[in-house]
Amino acid sequence: MTLLLMSSLLSMKMHTCKARVLVMMLSVIFWAASYSCAAWASGQLNNPYPDDEQEQAILYESFSERPKHMDPAVAYSSNEYAFISQIYEPPFQYHYLKRPYQVVPLTAIRMPEVIYLNQKSEKLGQGVSDSDIAFTDYVIEIQSGIRFQPHPALAKNIQGFYEYHQLDKAKIEAATSLNDFTTTGSRELTAEDYVYQIKRLAHPKIQSPIAEIMKNYIVGFDDFSKQVKDKPKTAVRDLPIEGATSLSRYQYRIRIKGKYPQFIYWLAMPFFSPMPWEADAFYDQSGLADKNITLDWFPLGTGPYLMAENNPNRRMILLKNPLFHVETYPTEGESEDQQKGLLADAGKPLPFIDKVVFMLEKETIPYWTKFLQGYYDASGISSDSFDQAIQFTGSGGVALTSSLLEKGIQLQTSVTTSSFYMGFNMLDATVGGATEQARKLRQAISIAVDYEEFISIFMNGRGVAAQGVLPPGIYGVDDKAGINPYVYEWLNGKTQRKKIDAARQLMAEAGYAGGIDPKTKEALILYFDTTGASVDDRPRMNWYRKQFEKLGIKLVIRATDYNRFQEKMRTGNAQIFVWGWNADYPDPENFFFLLYGPNSKVQRGGENASNYQNPEFDRLFEQMRNMDNGEPRYRIIQQMQEIVRRDAPWVFGFHPKDFLLFHGWYKNLKPNLMANNRLKYTRIDTADRAEKRQQWNSPIFWPLALVGGMFVLMLIPAVNAYRRRFRGTKL
Amino acid sequence: MVVLWTDALIYLLIAVILALGLYLRGKEHIQRPLQQIGRSKIGMVSLVVLLFFVLIGLLDSVHFKPADDKKNEIISLLDDWATPLREHGEKTYSAPFATTLYSKEMMTMADGSMQWGYPRLEFGGKHLNNPETEKIPDILQKTAYGLVQGLGLTGAFMLLWYLVRQTHFERLNFIVRPELVAQGQVVPEARHGEQFNPSAKAVWVVLFIIVPLATALIHLSAYYHVFGTDKVGEDVFYQAVKSIRTGLVIGTLTTLIMLPMAIIFGILAGFFRGWVDDVIQYIYTTLNSIPSVLLIAASILMVQVYMANHEAAFTSVIVRADMRLLFLCMILGVTSWTGLCRLLRAETLKLREMEYVQAAQALGVKQGTILVRHILPNVMHIVLISVVLDFSSLVLAEAVLSYINIGVDPTSYSWGNMINGARLEMAREPIVWWSLSAAFVFMFALVLAANLFADVVQNAFDPRRSGNE
Amino acid sequence: MTQYIIRRLLYSLPLLMGVNILTFVLFFVVNSPDDMARMQLGQKHVTGQSIANWKQQHGYDMPLLWNSDREGTKKVTDTIFYQKSVGLFLFRFGVSDSGRNIGADIKERAWPSLAVALPTLLIGLLVNICFALMMVLFRNSYLEHGGIVLCVILMSISSLFYIIGGQFFIGKVLRLVPISGYDDGLAALKFLILPVLIGVFSGIGSGVRWYRTLFLEEVEKDYVRTARAKGLSETQTLFQHVLPNAMIPILTGVVVVLPLLFMGSLIMESFFSIPGLGNYTIDAINMQDFAIVRAMVFLGSVLYVIGLLLTDISYTLVDPRVRLS
């Protein structure tokens, strides 16, 4: 109906006022438009945030995929950690500035006391052999006076009962978000909260991704898990677990099986942060989950920030936790940190930033543009904006282009502790197996697939070609002589990939001279399995094909969706695939276990995706696994590297380099691949930011006027024709 | 020779069109609108452009395994013809007609020193010793050569055409004229007039533009990357040309697949009414009410499963891509037949009440015969119009679907894939504009021609509009 | 009238049932619940036990169509098909595979979708009708021919180009509007300008052509000739006779898409990161979250059915000749 009304209105106007009025109307519209534009011009038209946020110490970040879990027992991916590491505090953390990475206390008073026990749970002295150690105790003492963030789950009424633990139906019905529960409360953090969280990890209903691993380490974990299988989440509070007990209000003990020095790294991960039992008691009330009010969306922690708004469809907001305990900026770091200004805030209380806004940003173009306009404070560099940002200096180093330098943008690079590789399925009849023929084929492919070129084309040089399983920066990597002798050679003082002829020679030795499969008398066909279904992957696929063509091998790309790919990997139907691994903690064990036989994907559902099995390697791994860093461990690592390089179950791909760009007003930024809780260290110079934004974002109006003018010009003949006709009909 | 599924369907489509043409040859009610199209300048010009695209698409639809090499690769006639283009890949981006890469790189100079600069391309303009001074004259010269070649070719063709036509006419006139004149028809004048038909002139003008342009492009592309190269150094011109087939296949095969369904269901529903009508209406309303994008997404996922389960059948990239293309056409067909079906049903309902159908029924003519004899020919104009109208929207839809990753296989060439890839290039600085522009130009040309042609066809065949002109 | 509406509503039940069956077959043939579990649980350390847990939690631990372990009617009701479809019909969309309540998300996201789609439709309609009227007014002049050619040209450009181009020039080069994003309330205005503008612009080509044919059809009718013969000027006949009569097909055409506006525009929303339902759907497709896709398919069908109903009703309201039977 409104439409009819509108059109009749229009028609009235038209036939009473004639065309002259039409032109007048248009000019009025233009005038109004330009007026409102002028009114806005004092601000920035393209500012995606409210104008009054301009002067506040707000950090703007982005996220591209909505995080699935905020429960520290479940979250296990970097996009989830970006949030929860700011909210939850495990007992330990990585030192922000020091390298190599070092674990330091966070809520704990000191590093844990490690006690080795024998089979009868008797304390062992120093210097006992590893085989005698049956259990290890970690005794952790936390600081007193740490308080949880204000949260409805902790709110108590005057009688001292929990306000919201027995909600009636009407109240749940009425609630739309957590903020509808207005009363909040807090209480002191105790050792019991840490123990409670470990019990949660064991509960099958929580579905912690590390439950399976922890079964092998924490004493009584498996039994506890079975015991609570059919009980509600809240039941774990009253049941004891053998491996974790609180000794006093501020002290607790974790008992693990055997010796496992890497366990300290786990204690620095959010999985081992404290969780008040009240959280489960509150969120478990039926009906709340239907409103998306769950622990997965509204965390409850002790950290520097608290989740103020969680709208994964648009944005997430972290606010400074008003009850955050005293923590100060580190006073020491690497030698050059002082000079870089990273120690300027030493000793000041954390955090510096009042509010962090994470905006959902899925497309790279808007993201990059907004960064250049100053609306994001930091940005990674997508491969396509790379030329704009980075240039290589004469000596092969990297520097920012002058246009970015002018804007005061700064750059940081670091090699990540992750490894991307092309894996062969060792169960496959052609590329797999321990036969000499298959090994030579794999070695030939290792030479042919030129990852240096890959890095330069697809990563803009943001990576280092891998020489083995371990990325640089992990213990056991020999930076100088650690080249892979099967793929590289030492030429003119540089590592160089072997010539393709060497690979062809290997092919011939393997029985595939010229890439011809003796069975079919045609080119050897190999299959490349990938999930890449998007257009952006196409150049990459073409590139892989080209690499294999060098050897005369025809590579067939079998792209399927993620599920199918996973299934192929699980059933061992894949042949060649690319895969990556991000270190959980900076220890060689976390990489070598990817090739440990008993971890085979097909047989055990483990993480050994290429199903590699070599008894000698497995033996060395078992030996190396629990050793402390030192000369003997180093030697074993070198042996393992040699075995893997020779067998070539992987084409060692590359270790990506992180390039981080950030504006000059964003202070105290240092790349730290292990620590996820770095937001609390950073600071923003708001005055500088406001000024720069103003400077970069003055709108340009004249093309608009031009288009308007052209439109009016186009109307003139129409108006003229109309007049003529009008006169014609009148006459 | 290797016949892919879509190839086979394309051949089938051509056979169907030829058969239809033969069948309709003498039919007066078809002749008249056809002549109207023939007289329309825009119609003929766009038809020529369309045919040009179709020709390229056909060349690209004859696949074979080259005998000489053992690469086990399937290529088309077009690929074979454009082998240099296909194999002259650079390392990464280079601008149209560039002789160097688009971004600076570390280069090792002849004397072993390292320098930061623009490396020369491996193939683009490699015949030039001093690109700065020689490039522009060289390009101009090669363009001129190509143009002249094209002009000559078209000129020769035109001469040949008129010679053949002349003799044909003389013979025709000689045989036909006396009796026609005897019947008092003014055929000679009409024939004479047709020779100077304004649309014929327009066609020749277009030919004189397109052919030299094509030869010039071909000639130039042997020496330069006319539309630059993409991220992995593939020639963009080659990609854009290869995409023609994808566009055409989607635009035509989809209709080929949906036509039988739409016609049979539409006519049956309209003719028999009752429960048949109810069932058919139920089916198409159900299908219609599902958002088509979601239906397509789900089906494409299903295809991937099918291919994952039948790996042996898809050993080559091109076969896999072809299968996915075919499935996409089928799914698009399933989602788009409902509109035509509804139109046909309504028209049949109307026709059913016509006197001649009623009379045939009263005379006891078999229902099948009535359907084929009386109903089908009389709804053909609706089918024809909807086919030409759908064509361009399908070509456009491909691009959009590719954006959501539910379009054609990412390894196959298509404008949608090109645009999708080029989105990121727009964020580069300086921007890489040529992939997007090439896709735009080619797609625009095809869709514009198709739209214009569809307009003319609609005007000619739509009985409501025939009085319009 | 009420009776008619009730009858139509009943008629829509088998329709929705059909949609439901079709989507069920499509989605459960494609991906078994095992696949979904693995997809959602992520890459690291996934075991059979955790998959079983996940399936149990999301209600996928039953047979698809027939549960032979149960007694009586439970053989049918304790199946994935029954559980999931009944939920849909009661508009209880359940929990997405990633753990969020779908119904709550849909409620929240419908508004931004509408905020883009409704202005686009209305402004588009106004602009298209204006231009179409202008072309009819100047029919058979070079203005009309030029207009038609322009329309065909505009139609022949893929909508992707409009979006990419608009974002590039207006957002990036001229810096007139934020390049993407969304905000609540009135603050959303500055984010909506560009998508609405592009939406209107990309629809001009086909829209104007379509309305032009509608108007032309009316113009040639007898009553218009009579009006002209009566001595009314061309503009008067156009506005007093042609426009109101042509409004009927225009109106009904609009009414049928009105409910579907809630579904939003897939591409526009994801380019401008507007948190609407279109964006939601694309994400679900890309993340293979079938619970969401199923819900959206069902919702789309329901809205379509409502649109059909509204069309029928609006026919009777604007055109007294049509009677509901």
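What share of the 731 residues of chain A counts as buried? In this predicted model, the figure is 56%. The secondary structure of chain A comprises 23 helices and 26 strands. Contacts in this chain often link distant stretches of sequence. Among those with a separation of 6 or more, 71% join residues 24 or more positions apart.

The nonpolar interior was examined next. Nonpolar side chains tend to be buried together in soluble globular proteins. Here the largest nonpolar core holds 209 residues. Six residues have the most contacts inside this core: B:Trp415, B:Ile419 and B:Phe442 from chain B, and C:Ile129, C:Phe215 and C:Ile250 from chain C. C:Phe215 illustrates the packing. Beyond its neighbours within four places in sequence, C:Phe215 contacts C:Ile129, C:Ala132, C:Leu133 and C:Val136, together with C:Val242, C:Leu243, C:Ala246 and C:Ile250. Two of these partners, C:Ile129 and C:Ile250, are themselves listed among the residues with the most contacts inside the core. A second core is separate from this one and has 102 residues. Its members include A:Ala175, A:Met269, A:Leu288 and A:Met316.

The interface of chain C and chain A brings 75 residues of chain C into contact with 70 residues of chain A. About 6600 Å² is buried between the two chains. Carbon and sulfur atoms give 56% of that area. Two salt bridges are counted between chain C and chain A. In one salt bridge, the side chain of A:Arg314 meets that of C:Asp183, with an N to O distance of 3.9 Å. Eleven residue pairs are in polar contact across this interface. On the side of chain C that touches chain A, helix H6 (residues 102-137) gives the most, with eleven residues. The residues on that side divide into 36 nonpolar, 24 polar and 15 charged.

Two serines of chain B were then considered. B:Ser243 is located in helix H9 (residues 236-272) of chain B. B:Ser243 counts as buried because its relative accessibility is 0%, against a cut-off of under 20%. A polar atom of its side chain lies 2.7 Å from the backbone oxygen of B:Gln239. Leaving out residues up to four places away in sequence, B:Ser243 touches B:Tyr413, B:Ser414, B:Trp415 and B:Met418. One of these, B:Trp415, is also among the residues with the most contacts inside the largest nonpolar core.

B:Ser61 sits in a loop of chain B, between helix H3 (41-59) and strand E1 (63-64). Its relative accessibility is 1%, so B:Ser61 also counts as buried. The backbone oxygen of B:Gly57 is 2.8 Å from a polar atom of the B:Ser61 side chain. Apart from neighbours within four places in sequence, B:Ser61 contacts B:Asp7, B:Ile10, B:Tyr11 and B:Arg245. The C-alpha atoms of B:Ser61 and B:Leu396 are 21 Å apart, with the two positions 335 residues apart along the chain.

In chain A, A:Tyr81 belongs to helix H2 (residues 78-87). A:Tyr81 is classed as buried because its relative accessibility is 7%. Its side chain reaches the backbone oxygen of A:Ala75 at 3.5 Å. Residues up to four places away in sequence aside, A:Tyr81 touches A:Ala75, A:Tyr76, A:Gln86, A:Met269, A:Pro270, A:Phe271 and A:Asn676. One of these partners, A:Met269, is a member of the second core. The C-alpha atoms of A:Tyr81 and A:Val651 are separated by 30 Å, and the two residues lie 570 apart along the chain.

Backbone geometry was inspected last. Most residues other than glycine have a negative phi, and most peptide bonds are trans. Three sites depart from these patterns. The peptide bond between A:Leu350 and A:Pro351 is cis, with omega about -15°. A:Pro351 falls in the loop between helix H9 (337-340) and strand E10 (355-360) of chain A. A:Asn292 is not a glycine, yet its phi is positive, at about 60°. This residue lies in the loop between helix H8 (277-283) and strand E8 (305-311) of chain A. A:Asn292 is buried, as its relative accessible area is 5%. C:Ser273 likewise has a positive phi, near 35°. C:Ser273 is placed in the loop between helix H12 (266-271) and helix H13 (277-287) of chain C. With 12% relative accessibility, C:Ser273 counts as buried.

Definitions and conventions
Residues numbered from 1 in each chain as written. Chains lettered and ligands numbered in written order. Predicted model: local features only at pLDDT ≥ 70, side-chain atom pairs only at ≥ 80, totals over all residues. Heavy atoms only, no water. Core = buried A, V, L, I, M, F, W, Y, C linked by side-chain atoms within 4.5 Å. Buried < 20%, exposed > 50% of the residue type's maximum accessible area, 1.4 Å probe, protein only. Contact = heavy atoms within 4.5 Å. Buried area = accessible area lost by both parts, 1.4 Å probe. Salt bridge = Lys/Arg side-chain N within 4 Å of Asp/Glu carboxyl O. Polar contact = N/O pair within 3.5 Å; in protein donor to acceptor, adjacent residues only side chain to side chain. Helix = DSSP H or I, 4+ residues; strand = E, 2+ residues; numbered from the N terminus. Nonpolar A, V, L, I, M, F, W, Y, C, P; charged D, E, K, R; others polar.
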